[in-house]
Amino acid sequence: MSREKHLPPWRLFLCGSVSSMFAEACTLPIDITKIRLQLQANDRPRKYNGMLHTGKTIVEEEGFRALYKGIRPALLRQCVYSGLRIGLYEQIRKRLHFYNDGSSPTFGQKILTGATTG
């Protein structure tokens, strides 16, 4: 028999928060360039031509840090939202498992768990 190791809720919160914040920091420059391209959709003549050109133009005109504008609120959102979502999922799943007399959760309970935690 294998023994499953369960992490305490605070550790699940921490792991979820840190991993989500890292992912946000990696993808924010892509989001910034995407948004700049979307905002110029109807502008003529166009300032940006594609993702790489947009990123290069932003760095040349505004500096590298411009690719990370808004990083603080983005990291805070990921810390709270993903930390809670990942940290609470296991707790809610355990509660539903308890009410189900130890058998596997039903499909509806699985949907409820996922919907409750985001």
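Reader: Where is the cut-off that makes a residue count as buried?
Author: The model is predicted, and its residues are sorted by relative accessible area. Exposed means over 50%, and partly exposed lies in between. Buried means under 20%.

Reader: Which residues of α1 are buried?
Author: The helix α1 covers residues 9-39. Its buried residues are Leu 12, Gly 16, Ser 17, Ser 20, Glu 24, Leu 28, Pro 29, Ile 32, Thr 33 and Arg 36.

Reader: Is Cys 15 of α1 buried, partly exposed or exposed?
Author: Cys 15 is found in helix α1. Its relative accessibility is 45%, and the buried class ends under 20% while the exposed class starts over 50%. Cys 15 therefore counts as partly exposed.

Reader: Where in α1 does the kink lie?
Author: The helix has a proline, Pro 29, and the kink comes shortly before that residue. The kink is about 45°. Its place is Thr 27.

Reader: How many salt bridges does the structure hold?
Author: A salt bridge here pairs a side-chain nitrogen of Lys or Arg with a carboxyl oxygen of Asp or Glu within 4 Å. One of them joins Glu 62 and Lys 69, at 3.3 Å between the closest N and O atoms. The total is five.

Reader: Which residue of helix α3 forms a salt bridge with Glu 24, and how many residues apart are the two?
Author: The side chain of Glu 24 meets that of Arg 77, with N to O at 4.0 Å. The pair links distant parts of the chain, since Glu 24 is in α1 and Arg 77 is in α3, residues 71-99. The partner is Arg 77, and the separation is 53 residues.

Reader: Which member of that pair is buried, Glu 24 or Arg 77?
Author: Arg 77 has 47% relative accessibility, so Arg 77 counts as partly exposed. Glu 24 is at 10%, and therefore falls in the buried class. The buried member is Glu 24.

Reader: Which residue of α3 has a polar contact with the side chain of Ser 20?
Author: The residue is found in helix α3 and is buried, at 1% relative accessibility. Beyond four places in sequence, its contacts are Gly 16, Ser 20 and Arg 77. The polar contact joins the two side chains at 3.0 Å, and the residue is Ser 82.

Reader: Which residues are joined with Glu 62 into one salt-bridge network?
Author: Glu 62 is partly exposed, with a relative accessible area of 36%. Salt bridges that share partners make one network of Glu 62 with Arg 36 and Lys 69.

Reader: What does Arg 36 touch beyond four places in sequence?
Author: Arg 36 lies in helix α1. Its relative accessible area is 19%, so Arg 36 is buried. Leaving out residues up to four places away, the residues touched are Tyr 48, Thr 54, Ile 58, Glu 62 and Lys 69.

Reader: How far apart are the end C-alpha atoms of α2?
Author: Helix α2 has twelve residues, and at 1.5 Å a residue these should span 16 Å. The span found agrees with that expectation, because the end C-alpha atoms are separated by 16 Å.

Reader: Which residues of α2 are buried, and which are exposed on the other side?
Author: Thr 54, Gly 55, Thr 57 and Ile 58 are the buried ones. They cover an arc of only 165° around the axis, so they sit on the same side of α2. What covers them includes α1. The exposed residues on the other side are Leu 52, Lys 56 and Glu 60.

Reader: What distance separates the closest N and O atoms of Lys 56 and Glu 60?
Author: Both residues lie in α2, four residues apart, which is about one turn of the helix. Glu 60 has 58% relative accessibility and so counts as exposed. In the salt bridge between Lys 56 and Glu 60, the closest N and O atoms are separated by 3.9 Å.

Reader: Which residues does Val 59 contact beyond four places in sequence?
Author: Val 59 lies in helix α2. At 32% relative accessibility, Val 59 counts as partly exposed. Its C-alpha atom is 46 Å from that of Arg 93. With neighbours within four places left aside, Val 59 is in contact with Phe 64 and Leu 67.

How values were computed. Residues are numbered from 1 along each chain as its sequence is written. This is a predicted model: local features need pLDDT of at least 70, side-chain atom pairs count only at pLDDT 80 or more; totals for chains, interfaces and linings use all residues. Side-chain values use heavy atoms; hydrogens and water are left out. Buried means under 20% relative accessible area, exposed over 50%, partly exposed in between (1.4 Å probe, protein chains only). A polar contact is a pair of N or O atoms within 3.5 Å; within protein, one must be able to donate a hydrogen and the other to accept it, and residues adjacent in sequence count only if both atoms are side-chain atoms. Contact means heavy atoms within 4.5 Å. The bend at a residue is the angle between axes fitted to the seven residues ending there and the seven starting there. The expected span of a helix is 1.5 Å times one less than its number of residues. The arc is that of the directions from the helix axis to the C-beta atoms.
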